[in-house]
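Colleague: Please take a close look at one part of this model for me: a salt bridge and the strands around it. Keep it brisk, and set that part against the rest of the chain.

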Amino acid sequence: ISTVIGIAFVIISVLFYIFYQKYNLENIIKKIELNNNVKIDLIQNPKWNLFPKIIIDFNIKLKDKFNKFYAENISISLEQLYNFVPINFNLKTDTFYMEGLEIKLIKLNGNYYFIDNNINIKNLQANISSGSIITKGKINLSNKKQIELFGNLKNIHLNQILKQLKLADWQRIELRLSSNNFKISSSLKNNSLFINNLQGIIPVKGSMYFVSTEEERFGIAFFNLLVEKMLPEYKKMSESLSQIINNFSDSPALYEGTLNIKNGMIHTSNL
């Protein structure tokens, strides 16, 4: 009996050593840092569980070297069965910053195919501004280096997002949007910004609120009178301005359509 126990102990020790080397977090972190130009710090020592499957729980602090994104505390759990299957992972963080955009309450689960170097995102949930996003997709970390996402947006406040990203600070118009079954993709090569390489189709519906002043409304009325009496060649312009003021000024308007994205630029012929 003692011999059997001794042999079992040796086998378990060898297995532990093999698995520990394979899942050595320091080596994994160094490889991720080197390949992705990021800095990762372990907040605490990882917790290991080897039976009935390998489970590693740990927390990290993440920041890229170009100051494009960072997170102060990300909770990560890795799971691996004792057979040839992908590594399952779960990730949670209260706040993640990307180019100044604050993303809250991120929950992500999926698996990693280490042979193909692919990540399968089973479910990703996050709050952006006063809205939310639910999506799934794939991330290719091999030579292709591409991300593909499919999912839904709910009540996204576009003004706040553009302001946080320092792309625009709209004071006169407010836009909110939702989308079912959007499809977007982007290249992750050359450390370029995700949004600059964005491609996709986003069916949208939402609300728009345009703010006008008393002076503008008076000016449009005066212009209409002037066109009617003296400048008939500007009738179409007058009608367009009147339509904007009368139909969209100081009251919510609903919209629906499809946005097409190519190289980070948004186009539409159906809105």
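Modeller: One definition before the details: a residue is buried under 20% relative accessible area, exposed over 50%, and partly exposed in between. Keep in mind throughout that this is a predicted model.

Start with the pair itself. The side chains of K53 and E79 form a salt bridge, with 3.1 Å from N to O. The two residues are 26 apart in sequence, and their pair links distant parts of the chain. K53 sits in the loop between β2 (47-49) and β3 (54-64), while E79 belongs to strand β4. K53 has a relative accessible area of 26%, so it counts as partly exposed. E79 has 21%, so it is partly exposed too. In general, side chains of opposite charge can pair when their charged atoms come close.

Now follow the strand that carries E79. Strand β4 covers residues 69-80 and runs antiparallel to strand β5, residues 87-98. Seven bridges join the two. One of the partnerships is between Y70 and Y97, the latter in β5. A hairpin of six residues takes the chain from β4 to β5.

The next step is β5 to β6. These strands also pair in the antiparallel sense, here over 11 bridges. M98 has L101 of β6 as its bridge partner. Two residues lie between the strands in this hairpin. E99 is in that hairpin and takes a positive phi near 55 degrees. Most residues other than glycine have a negative phi.

Strand β6 itself spans residues 101-113 and holds L105. The phi of L105 is near 50 degrees, again a positive value in a residue other than glycine. L105 is partly exposed, because its relative accessibility is 49%. For another positive phi, go to K166, where the value is near 60 degrees. K166 is in a loop, the one between α3 (158-164) and β10 (173-187). K166 has a relative accessible area of 77%, so it is exposed.

Other salt bridges put the K53 and E79 pair in context. Across the whole structure, a search finds seven. Among them is D41 with K39, whose closest N and O atoms are 3.7 Å apart. D41 counts as partly exposed because its relative accessibility is 32%. K39, at 45%, is therefore partly exposed as well. Another links the side chains of E174 and R176, at 3.7 Å from N to O. E174 has 34% relative accessibility, so it is partly exposed. R176 is partly exposed because its relative accessible area is 23%.

What about the interior? The largest nonpolar core has 44 residues. F58, I103, I121, I128, F182 and I202 have the most contacts inside it. In soluble globular proteins, nonpolar side chains tend to be buried together. Beyond four places in sequence, I121 touches L108, N109, T135, K136, G137, I139 and L149.

One of those contacts, T135, deserves a stop. T135 lies in strand β8, residues 131-140. T135 is buried because its relative accessibility is 4%, well inside the range under 20%. The side chain of T135 reaches the backbone oxygen of F150 at 2.6 Å. Residues touching T135 from more than four places away include N123, L124, G151 and F182. F182 is also among the residues with the most contacts inside the core.

Last, the whole chain. The protein chain has five helices and 13 strands. Of its 271 residues, 29% count as buried. Among contacts with a separation of 6 or more, residues 24 or more positions apart account for 47%.

How far does the confidence go? The chain averages a pLDDT of 82, and 89% of the residues score at least 70. Residues 1-6 stay under 50. For that stretch, the model has zero contacts beyond four places in sequence.

Back to your part, then. K53 in its loop meets E79 in β4, and β4 is joined in turn to β5 by seven bridges.

Notes
Residues numbered from 1 in each chain as written. Predicted model: local features only at pLDDT ≥ 70, side-chain atom pairs only at ≥ 80, totals over all residues. Heavy atoms only, no water. Helix = DSSP H or I, 4+ residues; strand = E, 2+ residues; numbered from the N terminus. Buried < 20%, exposed > 50% of the residue type's maximum accessible area, 1.4 Å probe, protein only. Core = buried A, V, L, I, M, F, W, Y, C linked by side-chain atoms within 4.5 Å. Contact = heavy atoms within 4.5 Å. Polar contact = N/O pair within 3.5 Å; in protein donor to acceptor, adjacent residues only side chain to side chain. pLDDT = per-residue confidence, 0-100. Pairing = 2+ DSSP bridges. Salt bridge = Lys/Arg side-chain N within 4 Å of Asp/Glu carboxyl O.
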